[in-house]
Amino acid sequence: QVHLEESGGGSVQDGGSLRLSCVASGYRYSSINCLAWFRQTPGKEREAVAGIYTGGGATYYADSVKGRFKITQDNGKSTVYLQMNSLKPEDTATYYCAAEPLVPGGGYCPYPRTNFAYWGQGTQVTVSS
């Protein structure tokens, strides 16, 4: 079982920055195919924000965050990061880290779909006007 723990959320002013971290444990990081960040606000669908493959490092971003957010990883620390710059009030949400493991015969990344195998508990990001 993969355990994901997010941190780094908080409250910032419009235009501010935050860096979220997600540490994966209980599983070899190399056995994870991809990780992703999602966000959700009450009454809205869970929204894909960014994704990354652990091996090749290929990344994906939602159009709404391109140029402002950057997803990176430190394989040695089993950690994926989301650097969020130029934050806007509409970025306010609970941010979740998700992981999809490799399976025998290969693997796939569900991103931007939400059917990831493992999820963290979330970290709150609030951006004030």
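Let's start with R39, which sits in strand β4. Keep in mind as you look around that this is a predicted model. Is R39 buried or exposed? Its relative accessible area is 6%, so R39 is buried, the cut-off being under 20%. An arginine in that setting deserves a look at its surroundings. Leaving out the neighbours within four places in sequence, R39 is in contact with a list of residues that includes E45, R46, E47, V49, S64 and V65. F69, E90, D91, A93, T94 and Y95 are on that list too.

Some of these contacts are polar ones between side chains. The R39 side chain reaches the side chain of Y95 at 2.9 Å, and it also makes a polar contact with the side chain of S64, at 3.5 Å.

Then there is the charge. As a general point, side chains of opposite charge can pair when their charged atoms come close. R39 does this with D91: their side chains meet in a salt bridge, with 2.9 Å from N to O. R39 belongs to strand β4 (residues 32–40), while D91 is in the loop between β8 (79–84) and β9 (93–101), so the salt bridge ties together parts that are 52 residues apart in sequence. Like R39, D91 is buried.

Which other residue forms a salt bridge with D91? That would be R68, and here the closest N and O atoms are 2.7 Å apart. R68 comes from the loop between β6 (59–61) and β7 (69–74), and D91 from the loop between β8 and β9, so this pair ties together parts that are 23 residues apart in sequence. R68 and D91 are both buried. If you zoom out a little, you'll see that these residues belong to a network of salt bridges linking R39, E47, R68 and D91.

How many salt bridges does a search of the whole structure find? The count is four. Another of them joins D63 and K66, whose closest N and O atoms are 3.4 Å apart. The setting is another matter here, as D63 and K66 are both exposed.

Now for the covalent links. Searching the whole structure turns up two disulfides. One joins C22 to C97, with 2.1 Å from S to S. The torsion about that S-S bond is about -80°, so this disulfide is left-handed. C22 lies in strand β3 (residues 18–25) and C97 in strand β9, so the bond ties together parts that are 75 residues apart in sequence. You'll find C22 buried, and C97 as well.

The other disulfide runs from C34 to C109, again with an S to S distance of 2.1 Å. What is the handedness of the link of C34 and C109? With 95° about the S-S bond, it is right-handed. C34 lies in strand β4, whereas C109 is in the loop between β9 and β10 (118–119), so the parts tied together are 75 residues apart in sequence. C34 has a relative accessible area of 0% and is buried. C109 comes out at 17%, which still makes C109 buried, because the limit is under 20%. Number the bonded cysteines of the chain in sequence order and the pairing reads 1-3, 2-4.

Next, the sheet. Four strands form an open sheet with antiparallel pairing, in the order β1-β3-β8-β7. Its edges are β1 (3–7) and β7, each of which pairs on one side only. On average, neighbouring strands of this sheet are turned by 15° against each other, direction ignored. In general, strands of a sheet pair through backbone hydrogen bonds, either parallel or antiparallel. To see the pairing up close, go to β3 and β8, which run antiparallel to each other over six bridges. If you want a spot to aim for, take L20, whose bridge partner in β8 is L82.

Last stop: the loop between β7 and β8, where you'll find G76. With a relative accessible area of 75%, G76 is exposed. Where is G76 relative to V125? The two are 49 residues apart in sequence, and their C-alpha atoms are 26 Å apart in space.

Definitions and conventions
Residues are numbered from 1 along each chain as its sequence is written. This is a predicted model: local features need pLDDT of at least 70, side-chain atom pairs count only at pLDDT 80 or more; totals for chains, interfaces and linings use all residues. Side-chain values use heavy atoms; hydrogens and water are left out. Helices (H or I, at least four residues) and strands (E, at least two) are DSSP runs, numbered from the N terminus. Buried means under 20% relative accessible area, exposed over 50%, partly exposed in between (1.4 Å probe, protein chains only). A polar contact is a pair of N or O atoms within 3.5 Å; within protein, one must be able to donate a hydrogen and the other to accept it, and residues adjacent in sequence count only if both atoms are side-chain atoms. Contact means heavy atoms within 4.5 Å. A disulfide is a pair of cysteine sulfur atoms within 2.5 Å. Two strands pair if DSSP finds at least two bridges between them. Axes are lines fitted to C-alpha atoms, for helices over the stretch in contact, and angles run from 0 to 180 degrees between N-to-C directions.
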